[in-house]
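Q: Please take a close look at one unusual spot in the backbone of this model, and then relate it to the way the rest of the chain is packed. I would like a single connected account rather than a list.

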Amino acid sequence: MDMTGKVAMITGASRGIGAAAARRFAKAGAKVALVARSAEAVADLAGEIGGDQAVAIPCDISRYWEVEHAVRNCVTAFGRIDVLINNAGVIEPIAHMAEADPESWGQVIDINLKGVFHGMRAVLPEMLEQGGGTVLTIGSGAAHGPVEAWSHYCASKAGALMLTRMADKENRERGIRALSLSPGTVATQMQREIKASGVNPISRLDWSDHIPPEWVAEALLWMCSDAADSYLGDEISLRDPEIRGKVGLS
Ligand SMILES: NC(=O)c1ccc[n+]([C@@H]2O[C@H](COP(=O)([O-])OP(=O)(O)OC[C@H]3O[C@@H](n4cnc5c(N)ncnc54)[C@H](OP(=O)(O)O)[C@@H]3O)[C@@H](O)[C@H]2O)c1
């Protein structure tokens, strides 16, 4: 998959899946805009990838004006935006509903759900004017069933999946490709936090059960190709052997 001449903005690019996606998209020739709150981490990664191919944009996706500013910075740096990867997300604080702090619960919704809307809202006008673009969102199996002590996370991921469906419904005919990817469990900081909670069966998985973030990056790259067009408006699962085969992971 050659991404030369394409520009991708990746949220949550400071580590984990987002950082792996940034490296993979850059290797495929794309210019990448790296968005996260940790300014130093995205600056380091932009330095590693190379100044002419990457730009670091410190941004908290829970604030719309910051996301709008990030998209403007990306377009100023590279002249366009072809791909948005809505990847940034959080799982803490993990808590049963009867004990959850309402303020903290709402902050997870602000990042995992409103942050996805903010990304879509900010890039869609730009992409529509360009004649098209791809909007990928990292979903989760948690969107489809309850997981103990994850009411914030499950609700946010279910809502984010609906945003992919909405983006597709309203914009497919105008060239927007919106898709969601449920990666399965991935060896990142988020799984360390889940393990430390010790609350549900996912926290008791062995570290070797998780896939590397590079596999998710490979799937995201594949989702930018026409080969994924039959899944527009939908969520694909990286647990699905057929999808792994199509991505080239098996
Ligand atoms: N790991 C898994 O097993 C798994 C499974 C299913 C889905 N996912 C999803 O995959 C995505 C990436 O997670 P990961 O596993 O790579 O976790 P991670 O290593 O904890 O990375 C999360 C990323 O999100 C960024 N982020 C968090 N809040 C943000 C905010 N308000 N504004 C901007 N960036 C923010 C973090 O950067 P800063 O802290 O620097 O802002 C970090 O770069 C998430 O959406 C997660 O829900 C993960």
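**A loop residue and its surroundings**

A: Alanine 149 sits in the loop between strand 5 (133-138) and helix 5 (151-171). The model is predicted, and in it the phi of alanine 149 is near 70°, a positive value in a residue that is not glycine. Most residues other than glycine have a negative phi, and most peptide bonds are trans. Alanine 149 counts as buried because 21 other C-beta atoms lie within 10 Å, where the cut-off for burial is 20 or more.

Two further backbone features can be set beside this one. Glutamate 92 and proline 93 are joined by a cis peptide bond with omega of about 5°, and proline 93 belongs to the loop between strand 4 (83-86) and helix 4. Glycine 50, which follows helix 2, has a positive phi near 120°; unlike alanine 149, which is described as a residue other than glycine, glycine 50 does not fall under the general statement above.

Helix 2 also shows how the chain is packed. The buried residues of this helix, which spans residues 39-49, are Val42, Leu45, Ala46 and Ile49. Viewed down the axis of helix 2, these buried residues fall within an arc of 100°, and they therefore line one face of the helix. An α-helix has 3.6 residues a turn, so residues three or four places apart point the same way. Glu40, Gly47 and Glu48 are exposed on the other side of helix 2, whereas the cover over its buried residues includes helix 1 (16-27), strand 2 (31-36) and strand 3 (54-58).

Strand 2, one part of that cover, also holds lysine 31. Although its side chain counts as charged, lysine 31 is buried because it has 26 C-beta neighbours inside 10 Å. Apart from its neighbours within four places in sequence, lysine 31 is in contact with Val7, Gln53 and Phe78. Threonine 4 is 27 residues away from lysine 31 in sequence, yet the two C-alpha atoms are 7.9 Å apart in space.

The packing can next be followed into the interior. The largest nonpolar core has 79 residues, and Ile10, Ala22, Val32, Leu34, Val35, Cys74 and Leu220 touch the most other members. Helix 4 (residues 102-130) gives the most to this core, contributing nine residues. Taking valine 35 from that group, and setting aside residues up to four places away in sequence, one finds that it touches Met9, Ile10, Thr11, Ala13, Ile57, Cys59 and Ala70. In soluble globular proteins, nonpolar side chains tend to be buried together.

Helix 3 (residues 64-78) offers a contrast between two of its residues. Tryptophan 65 lies in this helix and counts as exposed because it has 11 C-beta neighbours inside 10 Å; its C-alpha atom is separated by 15 Å from that of glutamate 126, which is 61 residues away along the chain. Alanine 77, also placed in helix 3, is partly exposed because 15 other C-beta atoms lie within 10 Å. Apart from neighbours within four places in sequence, alanine 77 is in contact with Ala33 and Val55, while the C-alpha atoms of alanine 77 and alanine 13 are separated by 17 Å.

Another buried loop residue can be compared with the starting point. Alanine 228 lies in the loop between helix 7 (213-223) and strand 7 (235-237), and it counts as buried because 22 other C-beta atoms lie within 10 Å. Outside its neighbours within four places in sequence, alanine 228 is in contact with Leu179, Trp222 and Met223; for the pair it forms with leucine 179, 49 residues away along the chain, the C-alpha separation is 8.8 Å.

There remains the ligand, which 29 residues surround, the closest being Gly12, Gly16, Arg37, Ser38 and Gly89. This shell consists of twelve nonpolar, 14 polar and three charged residues, and helix 1 and helix 6 (189-197) each supply at least two residues to it. As for annotation, an unreviewed UniProt entry lists residues 6-169 as "domain: Ketoreductase". Over residues 6-169 the chain is 52% helix and 16% strand, with the end C-alpha atoms 24 Å apart.

Methods:
Residues numbered from 1 in each chain as written. Predicted model: local features only at pLDDT ≥ 70, side-chain atom pairs only at ≥ 80, totals over all residues. Core = buried A, V, L, I, M, F, W, Y, C linked by C-beta atoms within 7 Å. Buried ≥ 20, exposed ≤ 12 C-beta atoms within 10 Å, placed from the backbone. Helix = DSSP H or I, 4+ residues; strand = E, 2+ residues; numbered from the N terminus. Contact = placed C-beta atoms within 7 Å. Arc of directions from axis to C-beta. Near = placed C-beta within 6 Å. UniProt positions renumbered as here; feature names shortened; annotations may be inferred.
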